[in-house]
Amino acid sequence: MRIIVVDDYPENRYLLEVLLKGHGHQVSSANNGAQALEQLAAGKFDLIISDILMPVMDGYQLCLKCKTDAMFKHIPFIFYTATYVEKLDEELALRLGADRFIRKPADPEEFVNSINGLVEETASGKDKGKSISLDLGMFQAYTDRVVKKLDKKIIQLEDEITRRRNAEQALRESEAKYRSLVETGGAGIAIIDLDSKLTFVNKRICQILGYSREELMNKSFISLVHPEDAAVIETFLNSATGGKIETAIEFRIIHKSGNIVWLYTNPRAIIINEIT
């Protein structure tokens with residue numbers, strides 16, 4: 001049996017394709033009703049499975065066009081939806097000529113049995129299709145259902161936008177707080193990558209080393225260390241790569257003036273944007 005699946009979510013189409021192909025069916029897919037009509041006109045299909053809420057042409061419109069077109073009205077039509085799930089949604093779907101109305105998520109075995117049962121009914125002549133009578137009430141019902149769902153989606157989007165804005169504001173405030181603590185605290189803080197380059201320094205480190213922030217950024221930290229203590233830093237970098245972290249390091253560093261400064265520090269290995 002050749003089936004066309006119509007859904008604007010790729011993952012939904014994929015799941016149905018896997019399920020149906022696993023039961024020996026040929027499956028094509030479309031992103032919306034308009035694409036489905038193009039495929040229906042170009043090939044022969046035995047069943048249409050469609051979502052309802054889609055861009056360009058929704059499932060209700062697709063069903064109405066199929067059931068009022070002599071070329072397609074004989075093809076069984078199933079709605080499979082997670083958005084339009086109320087009784088009024090189902091009633092409208094059946095008025096438009098749909099043969100089945102299934103709510104997501106359905107049990108895979110029950111879903112396949114429903115499909116097979118519908119196809120058997122169609123083949124035996126038990127389901128000869130429904131006579132569609134277009135009236136003002138039907139169009140009013142369609143408009144009401146679509147507007148209601150769109151209003152709900154708009155509210156959901158507005159809530160999501162508000163949530164993200166609040167989260168972004170909280171993140172900015174948190175960043176500002178911790179940046180202030182890092183910059184104004186008495187401890188010198190620096191971030192060194194595994195190539196020994198300085199990628200961040202706070203104000204206190206600049207004071208300790210006698211360099212400006214601009215002079216230190218991307219500078220090799222080992223080049224600032226006293227030659228006799230460079231091995232200490234290299235050992236730490238190697239340990240950090242292997243996941244082993246030293247508890248404390250004491251070493252000498254050369255001030256910009258040439259003087260020697262002793263540093264006592266508790267280094268930590270931080271993994272940023274690890275790629276596996």
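Select helix α4, residues 87-95, in this predicted model, and colour D89, E90, L92 and A93, which are the buried residues of that helix. They cover an arc of only 165° around the axis, which puts them on the same side of α4. To see the principle behind such a pattern, remember that an α-helix has 3.6 residues a turn, so residues three or four places apart point the same way. Just beyond the helix, click on G97, which follows α4 and has a positive phi, near 110°.

Next, move to helix α2, residues 33-42, and select G33, A36, L37 and L40, the residues of this helix that are buried. If you look down the axis of α2, these buried residues fall within an arc of 100°, so they line one face of the helix. Now turn the view to the face of α2 that points away from the buried side, where you will find the exposed residues E38 and A42. What covers the buried residues of α2? Show β1, β2 (26-30), β3 and α3, which are included in that cover.

Keep L40 selected and add F79, for of the 26 residues in the largest nonpolar core, these two touch the most other members. The elements that give two or more residues to this core are β1 (2-6), α2, α3, β4 and α4. Which of them gives the largest share of the core? It is α3, from which 5 residues come. As general background, in soluble globular proteins nonpolar side chains tend to be buried together. A second, separate core holds 18 residues, and you can find it by selecting C206, I208, V225 and I249, which are among its members.

Return to F79 and display its surroundings. Leaving aside residues up to four places away in sequence, F79 touches S50, D51, I52, G59, Y60, C63, A93, A98, R100, F101 and I102. Its relative accessibility is 0%, so F79 counts as buried.

From here, follow the rings, of which the structure holds 5 aromatic pairs. Y60 and F79 form one that is edge-to-face, with 5.7 Å from centre to centre and 80° between the planes. Y60 lies in helix α3 (residues 59-67) and F79 in strand β4 (residues 77-81), so this pair ties together parts that are 19 residues apart in sequence. Is Y60 buried or exposed? With a relative accessibility of 1%, Y60 counts as buried. Select F77 as well: the ring centres of F77 and F79 are 4.9 Å apart and their planes stand at 65°, so this pair is also edge-to-face, a label given to planes over 60 degrees apart. Both F77 and F79 are buried. Add F101 to the selection, and you have the cluster of Y60, F77, F79 and F101 that is linked by ring pairs.

For another kind of ring contact, select R2 and F45, where the charged end of R2 sits over the ring of F45, 4.2 Å from its centre.

The next stops are in loops, and they concern the backbone. Most residues other than glycine have a negative phi, and most peptide bonds are trans. Go to V56, in the loop between β3 (47-50) and α3, where phi is near 70°, a positive value in a residue other than glycine. V56 is exposed, with a relative accessible area of 70%. Then go to S196, in the loop between β6 (190-192) and β7 (198-201), whose phi is also positive, near 75°. S196 is buried, with a relative accessible area of 4%. Finally, select K104 and P105, which are joined by a cis peptide bond with omega near -10°. P105 lies in the loop between β5 (100-103) and α5 (108-124).

To finish, zoom out until the whole protein chain is in view, with its 9 helices and 9 strands. Of its 276 residues, 34% count as buried. If you switch on a surface, keep in mind that the protein chain exposes about 16,800 Å², and that carbon and sulfur atoms supply 53% of this area. Among contacts in the protein chain between residues at least 6 apart in sequence, 53% join residues at least 24 apart.

Conventions:
Residues numbered from 1 in each chain as written. Heavy atoms only, no water. Phe/Tyr/Trp six-rings, centres within 6.5 Å; stacked < 30°, edge-to-face > 60°. Helix = DSSP H or I, 4+ residues; strand = E, 2+ residues; numbered from the N terminus. Buried < 20%, exposed > 50% of the residue type's maximum accessible area, 1.4 Å probe, protein only. Lys NZ or Arg CZ within 6 Å of the ring centre and 35° of its normal. Core = buried A, V, L, I, M, F, W, Y, C linked by side-chain atoms within 4.5 Å. Contact = heavy atoms within 4.5 Å. Areas by Shrake-Rupley, 256 points an atom, 1.4 Å probe, with all protein chains shown as cover. Arc of directions from axis to C-beta.
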